[in-house]
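This report describes one sheet and one cavity in a protein model. Look at the sequence and structure below before reading on.

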Amino acid sequence: MTSENNPLRHTALQFPQPTAFERWAIPGLILAFVVFYLLPLMTHGLWIPDETRYGQISQEMLLSGNWVAPHFMGIRYFEKPIAGYWMIAIGQAIFGDNLFGVRIASALSTGVSVWLTYLLARRLWNNSRISVASALLYMSFGLIAGQAGYANLDPQFTLWVNLSMVAVWFAIDSRTPRARLGGWALLGVACGMGLMTKGFLALLLPVLIALPYMVWQRRFGELVRYGLVAVVVCALVSLPWVLAVHYREPDFWRFFFWHEHIRRFAAGDDAQHARPWWFYLPLLFASTLPWALLLPSTLLRMWREKREAKTTYLALWFLLPLAFFSLSSGKLPTYIMPCLFPVALLMGQTVVKWLDQRNGRLLRLNGVINTVLASVALAALLYLQATKEIYENTELFSLSLAYIVLVGWIIANALQVLRPLTLWAMPALGIGLLVALLPAAMPAQIVNSKMPDQFIAEHQRELSETASLLSNDLGAASALAWRLKRPQVDLFNTIGELKYGLEDPAMAARKVTLDSVGQWMTDARKKGAVGVVLRVNSTQEEQEVELLPVDGKHYRRGNLHIFLFPQRRP
C-alpha cells in the first residue's frame with residue numbers, strides 16, 4: 001500500500017492551506033450559524049418541561065454555590081450528572097439569567113460539532129468541497145438544528161460523543177506515537193466530560209465502535225496499550241466530581257445508575273419512554289430533513305464502499321449505536337443524535353460525487369419532495385386559519401412569521417429543483433428560516449401552554465413582592481423559580497419527576513395536599529403576600545382553584561392562572 005493510498009498517512013492536525021472555495025465557504029457557515037442559531041435564542045420563551053428545568057437547576061447552582069450535587073427547586077434531583085448543568089450555569093453567569101444565557105451552551109455545543117464535522121471530513125478525504133458540504137449538511141439536519149436552540153443536555157452529550165469518535169480516528173490515523181498519544185488523551189477528556197454530562201453511555205459508545213474496528217484492522221494490541229491512556233485521562237477528568245458527589249450525597253450513584261441506566265434501557269413495562277424496536281427507522285428520515293431523500297443513496301454507497309477503512313469506521317459509528325438504542329426499550333428521538341455525525345460525512349461525500357459527475361437527479365427530486373411538503377403545510381395553515389382561527393386577530397405578526405417560514409421553505413427548495421447542481425445547498429436556507437422563526441411564530445395557545453415563563457414575566461414585579469410561592473405544575477413552578485431567582489416554590493398536589501427528592505423527610509413541608517392547602521395558605525399569609533401559579537386543565541385542577549381564598553388578584557391566560565393574595569396578619 002503506497003503512502004498516498006494509506007489511510008494512516010497523516011500526523012496530528014496537518015492540513016493543506018485553505019482553498020479559495022474554503023475562504024468564502026467557511027465564513028458563510030459562520031455567518032449562517034450566527035444568524036440562524038445565535039440571534040433567535042432570545043425570541044421565544046422557555047419550553048416546558050426541559051428548558052425551565054435545566055435553566056432553573058443551573059441557576060440554582062449559581063445562587064447556592066453548590067456545584068457538586070444537582071437540585072431542582074431546592075430538592076434533590078439525581079436524574080443526570082453535573083457537567084451539563086455546569087455549562088448552562090456558566091452561560092447564565094456570563095450572559096445573565098436570560099433566554100440567551102440559558103440556551104447558549106446548546107448552540108455552542110452544536111457549533112463545535114459542526115466544526116468537528118469539517119475537521120474529520122478534511123482528514124478523511126482531504127477535499128475542501130466534501131468538508132464544507134458535510135459541515136453544512138450536519139448543521140442543517142432538522143434534529144440537530146432544532147436542538148441547537150433548545151436548552152437541554154442532548155447537544156452537549158452529542159458533542160462529547162462526536163469528539164470521542166473524532167479523537168479515536170485522529171489517534172489511529174496518526175503515524176507518530178506523540179500524535180497517537182494526543183488522540184487517545186483527547187478521547188479520555190471527551191469520555192470524562194460525557195460521563196459527567198449524561199452518564200456511562202459516554203464510555204460505552206466509543207468502546208462499542210472502536211473495539212470491532214480495531215479488531216478488524218488487527219490492531220487490538222494498540223487499542224489496549226493506548227486505551228489505557230484514555231482510561232487514565234478520563235479518570236483524572238471525572239474522578240474528583242465522582243468522589244465529591246459521593247461524599248456529599250452518598251445515594252447519588254445508586255439512584256442514578258438504577259433509574260437512568262437500568263430502568264431506562266431495560267426491557268419490560270418498567271422501562272421509561274417505551275417504544276418498539278423500529279422506532280428510530282422512520283425517525284432517521286425525519287431527523288435528516290430537508291435531506292431525507294438523500295439518505296437511502298448515502299447508505300447504499302456506504303454498503304458498496306464498506307471495505308474502505310474510513311467508510312467502515314463511519315458505518316460502525318452509525319450502525320452500532322443505532323442498533324443499541326433500537327434494542328433498548330426506553331427511547332427518545334434525541335438519543336440518535338450521535339448517529340447523525342457519520343451520516344453527514346457520508347452524505348457530504350455522496351453529494352460532492354454527484355456534483356462532480358453532473359448528476360443532479362436525486363438533488364432535484366429532494367427539492368421536489370420538500371417543496372410539496374411545505375406547500376401542503378401552507379395549504380393546511382391557510383385552511384385552519386380560515387376555519388378555526390388558530391391565530392387570533394392580535395397575532396398577525398406571529399401568523400406572518402409562520403407564512404414566511406413556509407414560503408421561504410418553498411422558495412429555497414424550488415431553487416434546488418430549478419438548479420440542483422449550482423443551488424444544491426438551498427434547503428439549508430429553508431431549515432435556517434424554520435429554526436430561527438418558527439418558535440417565535442407559535443400561536444398564543446401554544447405559547448401560553450408550553451412557555452409559561454412569558455406570562456409569569458408580565459407579572460414578575462408583583463410576584464417578586466410575595467413571601468411564599470405555590471404551584472400545581474412542575475413546568476410552571478420551575479419557570480416561576482427561574483424568573484424570580486427563588487427555588488423555594490411549594491408544590492400543590494403534584495410530585496411528578498421529583499418523587500425521589502420529595503421522599504426526603506426534610507422536604508415534607510414542600511408538599512401541599514388538597515387537605516392541607518387551607519392551613520398552608522393561612523400560615524403563609526401571616527408571613528407575607530402569597531403568589532400562586534396554577535395550570536387548570538381538568539376537573540380536579542378546577543377543584544384546586546376552588547380551595548384557594550377568594551380575596552386575591554387573579555390573572556388568566558389560556559390554562560394558566562396567577563393568583564396574588566395580600567398578607568393577612570393574625
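Strands β6 (residues 530–535) and β8 (residues 560–565) pair in the antiparallel sense, with 6 bridges between them. One of the residue pairs can be named: Val-532 has Phe-563 in β8 as its bridge partner. The model is a predicted one.

In general, the strands of a sheet are held in pairs by backbone hydrogen bonds, and the pairing is either parallel or antiparallel. Here both senses can be found, since the sheet has mixed pairing. It is an open sheet of 6 strands, in the order β5-β4-β3-β6-β8-β7. Why is one side of β5 and of β7 left without a neighbour in the sheet? Strands β5 (511–512) and β7 (553–557) stand at the edges and have a single partner strand each, so each has one side with no neighbour in the sheet.

Strand β3 (residues 468–471) pairs with β6 in the parallel sense, and with strand β4 (residues 490–492) in the parallel sense as well. The table lists three pairings of the sheet together with a bridge partner for each.

| Strands | Sense | Bridges | A residue and its bridge partner |
|---|---|---|---|
| β6 and β8 | antiparallel | 6 bridges | Val-532 and Phe-563 in β8 |
| β3 and β6 | parallel | 4 bridges | Ser-471 and Val-533 in β6 |
| β3 and β4 | parallel | 2 bridges | Leu-470 and Asp-490 in β4 |

Between β3 and β4 the chain passes through helix α22 (residues 474–484), and this β-α-β crossover is right-handed. Helix α22 lies across β3, β4, β6 and β8. Its direction is at about 155° to that of β3.

Are the faces of β3 covered or uncovered? Both faces of β3 are covered. Ser-468 and Leu-470 are buried on one side, and Leu-469 and Ser-471 are buried on the other.

The remaining topic is the cavities. The model has 3 cavities of 30 Å³ or more. For the second largest cavity, the volume is about 40 Å³. Its lining is made up of Ser-109, Thr-110, Ser-113, Tyr-138, Ile-144, Pro-155, Thr-158 and Met-337. Which elements give two or more residues to this lining? They are the helices α4 (99–125) and α7 (154–172). Helix α4 gives the most to the lining of the second largest cavity, with 3 residues.

Conventions: Residues are numbered from 1 along each chain as its sequence is written. This is a predicted model: local features need pLDDT of at least 70, side-chain atom pairs count only at pLDDT 80 or more; totals for chains, interfaces and linings use all residues. Side-chain values use heavy atoms; hydrogens and water are left out. Buried means under 20% relative accessible area, exposed over 50%, partly exposed in between (1.4 Å probe, protein chains only). Two strands pair if DSSP finds at least two bridges between them. A crossover is right-handed if, with the strands pointing away from the viewer, the path from the first strand over the helix to the second runs clockwise. Contact means heavy atoms within 4.5 Å. Axes are lines fitted to C-alpha atoms, for helices over the stretch in contact, and angles run from 0 to 180 degrees between N-to-C directions. On a 1 Å grid over the protein atoms alone, a cavity is a set of points where a 1.4 Å probe fits but cannot get out, and a pocket is an open set with protein on both sides within 12 Å along at least five of seven lines; lining residues have an atom within 4 Å of a point. Grid points are joined across faces, edges and corners, and a volume is the space filled by probe spheres set on the points.
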